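Reader: Before we turn to individual elements, could you take me through this model by way of a few questions and answers?

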Amino acid sequence: MYHIKNDKRARASTELICAGLLACMKEKPFARITITDVQRASSRSTFYRNFDCLEDVLALLCDRGFQAVFSEYNALPPEQRGSLAKAVFQYWFRNSAVLEALVQIRRTDILFDSLRRSSGLIQALQPMGGGPPPSSRPMADDPAQFDYFVAIITSSMIGVLTVWVERGKTETENQMVQKLTSAFIEMAILELPG
């Protein structure tokens, strides 16, 4: 995991390392990039002060990405928010290099963990004022139910993003939201026991 000190110099070094990795990813696949490549591209020799491995840089970029998505989404008044799925897809469509690298090296677990621990996701999914009364929203009073709900949403989003990359990123954000919506409708047909 990354371990960045909260001082100006460490943050500046981290920014250069992230930019260096992204620059390297434009030149060759992530699996062929070395720490030395990133150090050269970033003009930083302090890689190990902030990161243990290159995947840690990807984890930081994922965390930052989800923070950006949910900060923007949660800052909007509820009546202006629109689709949370679309907001996530729009971000990753604009910033697909990290997503592509994670799929290529089969480390979508990094994306999954980043999304699950995002406090912005939890805030965005919490039942809001208005809508059905609390008695018809079991998640409002059942933390376990909410945890399962977050797991389903997270797994679904990561799965859809992974398939999108594997299929060559041919669908638009709107098409992806439609596909996700259709998939959830189809899941309802399964009629899970209970």
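Reader: What share of the contacts in the protein chain with a separation of 6 or more comes from residues 24 or more positions apart?

Author: This is a predicted model, and the statement concerns contacts in the protein chain with a separation of 6 or more, where a contact means heavy atoms within 4.5 Å. Among these contacts, the part that joins residues 24 or more positions apart comes to 70%.

Reader: Which order do the elements of the protein chain follow from the N terminus on?

Author: The secondary structure of the protein chain consists of ten helices and zero strands. Read from the N terminus on, the elements therefore give the run α-α-α-α-α-α-α-α-α-α, each helix being a DSSP run of at least four residues.

Reader: How much of the protein chain is buried?

Author: The C-alpha atoms fill a box of roughly 55 × 40 × 30 Å along the principal axes, and the accessible surface comes to about 11300 Å², with 54% of that surface belonging to carbon and sulfur atoms. Taking buried to mean under 20% relative accessible area, the buried portion of the 194 residues is 39%.

Reader: Which helices do the buried residues of H6 pack against?

Author: Helix H6 covers residues 96-104, and its buried residues are Ser96, Val98, Leu99, Ala101, Leu102 and Val103. After this helix comes Arg106, which has a positive phi near 55°. The packing partners of the buried residues of H6 are helix H1 (8-27), helix H4 (54-75), H5, helix H7 (108-116) and H9.

Reader: What length does H10 reach from its first C-alpha to its last?

Author: Helix H10 spans residues 173-189 and has 17 residues, for which 24 Å would be expected at 1.5 Å a residue. The computed distance from the first C-alpha of H10 to its last is close to that expectation, at 25 Å.

Reader: Why do the buried residues of H10 line one face of the helix, and what covers them?

Author: The buried residues of H10 are Met176, Val177 and Leu180. Seen down the axis of H10, these buried residues fall within an arc of 100°, so they line one face of the helix, whereas Gln178, Ile185, Glu186 and Ile189 are exposed on the other side. The cover over the buried residues of H10 includes helix H5 (84-94) and helix H9 (143-166).

Reader: Which residue with a positive phi follows H10?

Author: H10 ends at residue 189. The residue that follows this helix with a positive phi, near 45°, is Glu191.

Methods:
Residues are numbered from 1 along each chain as its sequence is written. This is a predicted model: local features need pLDDT of at least 70, side-chain atom pairs count only at pLDDT 80 or more; totals for chains, interfaces and linings use all residues. Side-chain values use heavy atoms; hydrogens and water are left out. Helices (H or I, at least four residues) and strands (E, at least two) are DSSP runs, numbered from the N terminus. The expected span of a helix is 1.5 Å times one less than its number of residues. Buried means under 20% relative accessible area, exposed over 50%, partly exposed in between (1.4 Å probe, protein chains only). The arc is that of the directions from the helix axis to the C-beta atoms. Accessible areas come from the Shrake-Rupley method with a 1.4 Å probe; for residues, only the protein chains shown count as cover.
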